[in-house]
Amino acid sequence: MDYFFDKPIANFATRRVEAEEKVTGKGKYSAEYDFPNLVHGVFVGSTIPSGKIVSLDLEEAKSIPGVIDIITHQNRPEVPGLKGDDAKFMFKLFHTDNIFFDDQPIALVLAETLEDATYAATFVKAEYSESNFNTNFHKTKDSQEPEDIMAEKGSLESWEKAEFIVDQEFKIAMEVHNPMEPHATIANWKDDELTLYDKSQNVYGVQSQVAKIFNIDPDKIRVISEFVGGGFGSGLLVWPNTIAAAMASKHLNRPVKIVLTRPQMFTNVGYRPESWQRFKIGADENGKFLGAFHQAKHATSSHTGHTDNITGLTRKHYSFPNIKTEQAQIQLNISKPTWMRGPGDASGAFAIESAVDELSEKLNMDPVDLRLKNLSKTDMYGKPWSTNYLNECLQIGAERINWKQNRKSIPGEIKEGNWNIGYGMAVGFWNAGRKDSDAAIEMKPDGSIVVRSAMTDIGTGTGTAMQNMAHTFLGLPKEKISIELGNSDLPYAPTQGGSWGLSSLSGGVAAACKSLKTKLADYAYGSKFIKGQGNLKLLKLDAKGIRMEDDSLEPVSYESIFSQNNIQVINIEESSSPGKEAEEYGFCSSAAHYVKVKVNQLTGDIKVLEMVSVADGGKIINNKAAANQIIGAAIGGIGMALMEEQKFDNNHGRLIGNDLAGYHFPCNADAPMIDVSFIDKPDYNRNPAGAKGLGEVGIIGCAAAITNAIYNATGKRMRDLPVTPDKILMA
Amino acid sequence: MKINHSYSRRFFIKSSSAFAALAFIPLTVRSFFNEVKEKYFVKKQKIPLSVSINKKEYQLEVDTRTTLLDLLRENIGLTGTKKGCDHGQCGACTVHIDGDRNLSCLTLAVMLPGREITTIEGLADGDKLHPMQEAFIENDGFQCGYCTPGQIMSAVACVKEGHTGSVEEIKEYMSGNLCRCAAYNGITKSIQQIAT
């Protein structure tokens, strides 16, 4: 256990550090930096899903007033990482005449104004030789057998004759992240240095990949993502807008801005792939799980791979003596999928948690009790959980929605007019990861500090968490602590993703705070200060100076520390890494979701009336932001369950309704007020703050909780997401 | 008489599906359309515009194709108003025109002489935040903050319109403003707090 935490972090419910910039519109998102001489770039996408560009007619487009140039595969500046067989990007953007998916960027129109570029883009004409294509996942998925994704545990045969078996198939439609801020980049080359204002979750990731693609020193690239308008996974990788803006800026020697249109957000920055699953589960007459057989297939692009580990969850939260998991990726002429909130597990949980609900009915057992009976005591490698409070999540959630009282075990028992009422539940689970992360602190003579990290804040409240942690570690009042983040000039941080952001960052902030304390004690007390955990713990930073909590040494003001030692500033930078704790323990976050729905018998309309989520995210650093995460994830779960679906026109290989009128995610009225609570117990084995990630676990299991509630309301098992009203009526 | 300048999300779903249907009309009709476009659509024209934004008078030369949203963001540096879809589907670009909420992405700048526009930058009274801005901070009515200016402009209008009778009513009248982070609890609570 780290020495800081005899007194755990207070559960601050604070204003976000960047709150004022967000409510006044002053915060600058990537497309909002002002440059004189700025060039606007607009992509032209292919109108076929597969084939070759035969010719391009740019004459008319170039004649449009304001157009500066048009970049295509015929005239692009050569970029080393985009040519040859070992191209370092998902496809050879503007370095190939091959078309791999519909709306693949084939030209970038560069003009003096956005209107000029947008208008001119409509005049770019391409002739293609079209190849056969296939965008139909469900028609194609049987062509490929799934293969073991991990070694089989036990055997399938050993539970073949289990008394209770559920064996079902599940489908989930393609979902698109659609953060509210469209992906955007401003690229500016000056001499041999490149600055990128980029919508990204990972400034160092962008820096290193762009460096590889352009074959330049990463130190020559600055990436700034100070305000990021949501991500959900779409900002984890580098996408065409970043590469094209850099290419164009180099070409024109001017700053270039590219902002994707909303339809382009469906083809250029990833999505959660469409999937099929088969889940078979067996139990004995006491409800003890005997085995699981989980098969999954999902769509991916033909030009570059992607794997969603959909079957991974089967080995995590329940204890199965026998497990077999198989997967296949089905290659289609579609754009690249990527990780989306709760990648793999959100899909897998729908099958697992639906099947467990069905099993509970066969067993005539309460689904909560059945889960409690089968929770895993160890991780998949047999290591004990460091902390795992899923059982408490289940119990607290059941109390909050009054499960025992409200939920009827026979479906369709509660009716109000044409509406059927039902209750359902399911659980979520996610590895609680941690990565290397640095942090720096600068202190001024007035005792104010700046805490710095390159970590991005994608709405997660990262900056506020940094402030809360520094305040707790040091004692310094929060108004003296300011934050800088989201910039590759700042100390290293991993990507804000995978729910490891705060967990990783807490290590860096704790190390820097400890180092600052040591330095201040050196300056103030010299050899009088006996270094050691106990004394460092007693050392507190007040508004005006430092003191020992036990008054063993005289308080010293910052002013005198700085003047006596003749210094103007104290600079600290520290690194942190996970230790060997992962060799001893398994780490997880978990959640239980309880839902009340009503389903209209005549129209098939479904309304989520209540939603209770209880999550174990270790120590909660900021109640408000953490609750907000879980609220957002739960509502994301409503979207996944009831409305989110991106369809293909398989005759033309193109998307249908690819905008926010065609692709529905929940609006305010689609969601009830979500009831969130936390276990709020620290896991100090994981990191000095005792915090575990929360971003993913809130959505995992939500869809199944909702479909289980729909079953409880109607007696209809819905295994094909999203559950739109037509599916209810046809079931 | 009070003219309602706001449009429902449903209206745009309907109208954009009508345009989507155009994609399926025969090629001959399309080439005819292209010829019409060639002939009648003015490629680029700038006209003078006097407009009042956040109580400041602007004398501008604007491209006739420029939306109010792009005028704000690209021409006069008021980037607080956000572009989420450019098609009236998300509400991120909501501003007030003569005190009513409007979608700036569906408003051409040239339509605005004599109108009074208020953006998120003009909502606070100097350094003193508007009570709705304070309420959003207090109730954590946002995460990433990108839809927030539009939410706040809509929220202020929602209170003014009197659509705050219940949680359900607030949710209904705030459903033209999408939030992918889904900070809807906080948004709804902020409005409740200001309305009561």
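Which residue in β15(A) does A:Glu147 stand opposite? The close-ups below, taken from a predicted model, begin with that pair.

**Figure 1. A:Glu147 and its partner across the strands.** The residue opposite A:Glu147 is A:Gln327, which belongs to β15(A). The strands here are β7(A) and β15 (residues 322-332) of chain A, an antiparallel pair joined by two bridges.

**Figure 2. The six-stranded open sheet of chain A.** Pulling back a little, we find β7(A) in an open sheet of six strands with mixed pairing, ordered β7-β15-β14-β13-β8-β30. Because β7 (147-148) and β30 (720-721) of chain A stand at the edges with a single partner strand each, one side of each has no neighbour in the sheet.

**Figure 3. Helix α7 on the sheet.** Helix α7 (residues 345-363) of chain A lies across four strands of chain A: β8 (164-172), β13 (275-283), β14 (289-301) and β30. Relative to β8(A), the helix runs at about 145°.

**Figure 4. Where domain 2 of chain A touches domain 3.** Chain A is divided into domain 1 (3-27 + 434-577), domain 2 (33-132 + 179-261) and domain 3 (275-433 + 583-730). The C-alpha centres of domains 2 and 3 of chain A are 37 Å apart. Contacts link 12 residues of domain 2 of chain A with 16 residues of domain 3 of chain A. On the domain 2 side, eight of these residues are nonpolar, three polar and one charged.

**Figure 5. Chain A meets chain B.** Here 49 residues of chain A are in contact with 55 residues of chain B. On the chain A side, α1 (19-24), α3 (114-121) and α16 (623-642) are the elements that give two or more residues. Helix α16(A) provides the largest share, seven residues. By class, this side of chain A has 24 nonpolar, 14 polar and 11 charged residues.

How values were computed
Residues numbered from 1 in each chain as written. Chains lettered and ligands numbered in written order. Predicted model: local features only at pLDDT ≥ 70, side-chain atom pairs only at ≥ 80, totals over all residues. Contact = placed C-beta atoms within 7 Å. Nonpolar A, V, L, I, M, F, W, Y, C, P; charged D, E, K, R; others polar. Domains from an automatic or database assignment. Pairing = 2+ DSSP bridges. Axes fitted to C-alpha atoms, helices over the stretch in contact; angles between N-to-C directions.
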